[in-house]
Amino acid sequence: MSGLEASAKIWHNGELIPWDDAQIHVCSHVVHYASAVFEGIRCYNTQSGPGVFRLDDHIKRLCHSARIYRMPIGFGAEALEEACLETIRANEMESCYIRPIVFRGYHSLGVNPMPCPVEAYIAVWKWGKYLGEEALEEGVDVMVSSWNRVAPNTLPGIAKAAANYMNAQLIKMEALQNGYAEGIALDARGYVSEGSGENIFIVRNGHLVTPPLAASVLPGITRETVMFLARELGYTVEEVDVPRESLYIADEVFFTGTAAEITPIRSIDKIPVGIGSRGPITAQLQEIFFAHVEGRAEDRQGWLTPVYPDGRAEVVPDVSEASA
Ligand code: PPE
């Protein structure tokens, strides 16, 4: 049985196709050489209907990832944004996870990807709490990974590329095998980088710190959202190198990510973080974050894109005769 809950339709190069038809050949370039870039976006069931959080920023990052890997997508940012909304509507989702993926398809094998066609797909599905049902309130137990994040000038960290997730899988498997929910990877220099699928924040004396982009982190959109909201609340936030040992003396530590949202970390390498449960600043940031993604706070930044901008066309009145 699949662990993935199928939806009805998947978008492929401009067309909606049945979920089960979204198949590729085993000799597609991506299968052999991981030639794919992708995004992870959430659609929330807001008071005014389903809304996608920071859709334009996610699509911009997708386009940047594709550009770094010289993949012409064939669709502009606006068309891809509309395609995400169209896929949500076609699947009648109220809230869901959205996964646009762009890859080198079937033509020839050998490292050179250039002759292979670039395929774009968008799938949507229901995705619950990333690090377990209780994680958001209780916090998670994590370890510092023995695996480092990819070094500069190896795989570009700013691109959200499938290949990066082989490294992420090593971090994740090691953590799970050792009884932890997640691993924190250090960068090639030995400074704190990020989790296998999350950015990380450290709180000490009411001050927030997160590793800089140069520490091999993905430029997380939740990371940026949290920095913005924390500053608005009056906290100072710095992007600076974090030595490993500052994890053990932090008051609070939490992960951020589209899937993980804001997940508190309650212990690292079996050392309790602060009081050993979710800290007050983490709780405060969760509250304001969820108010924004769920549309309960005023959307001053234009972060939510409505899936049905003109309301839902439940009954489309036929006005053609009346106006004739
Ligand atoms: N770092 C990594 C390595 C990462 O994969 C993510 C997102 C982040 C940071 C946070 O970025 P953002 O979502 O823009 O705030 N990971 C995505 C995929 C997770 C997966 O298991 O697949 C996600 O959260 O959607």
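## The ligand shell

By class, the residues around the ligand are 7 nonpolar, 9 polar and 6 charged. The model is a predicted one. In total, 22 residues surround the ligand. Tyr97, Tyr130, Tyr165, Thr222 and Thr258 are the closest of them.

**Location**

The ligand occupies the largest pocket. Three elements each give two or more residues to the shell: β6 (96-104), α6 (221-232) and β14 (252-257). Where does the ligand lie relative to domain 1 and domain 2? Domain 1 spans 9-127 and domain 2 spans 135-293. Both give residues to the shell, so the ligand lies between them.

**Polar contacts**

Side chains reach both oxygen and nitrogen atoms of the ligand, as the table shows.

| Residue | Ligand atom | Distance |
|---|---|---|
| Tyrosine 130 | oxygen | 2.5 Å |
| Glutamate 194 | nitrogen | 2.7 Å |
| Threonine 258 | oxygen | 2.5 Å |

In tyrosine 130, the partner is an N or O atom of the side chain. The side chain of threonine 258 likewise supplies an N or O atom. For glutamate 194, the partner is a polar side-chain atom. Tyr130 and Thr258 are also among the closest residues to the ligand.

**Coverage**

How much of the ligand's accessible area does the protein cover? On its own, the ligand has 550 Å² of accessible area. The protein covers 94% of that area.

Methods: Residues are numbered from 1 along each chain as its sequence is written. This is a predicted model: local features need pLDDT of at least 70, side-chain atom pairs count only at pLDDT 80 or more; totals for chains, interfaces and linings use all residues. Side-chain values use heavy atoms; hydrogens and water are left out. A residue is near a molecule or strand if one of its heavy atoms lies within 4 Å of it. A polar contact is a pair of N or O atoms within 3.5 Å; within protein, one must be able to donate a hydrogen and the other to accept it, and residues adjacent in sequence count only if both atoms are side-chain atoms. Accessible areas come from the Shrake-Rupley method with a 1.4 Å probe; for residues, only the protein chains shown count as cover. On a 1 Å grid over the protein atoms alone, a cavity is a set of points where a 1.4 Å probe fits but cannot get out, and a pocket is an open set with protein on both sides within 12 Å along at least five of seven lines; lining residues have an atom within 4 Å of a point. A molecule sits in a cavity or pocket if more than half of its atoms lie within 2 Å of its grid points. Helices (H or I, at least four residues) and strands (E, at least two) are DSSP runs, numbered from the N terminus. Ala, Val, Leu, Ile, Met, Phe, Trp, Tyr, Cys and Pro count as nonpolar, Asp, Glu, Lys and Arg as charged, and the others, Gly among them, as polar. Domain bounds come from an automatic or database domain assignment.
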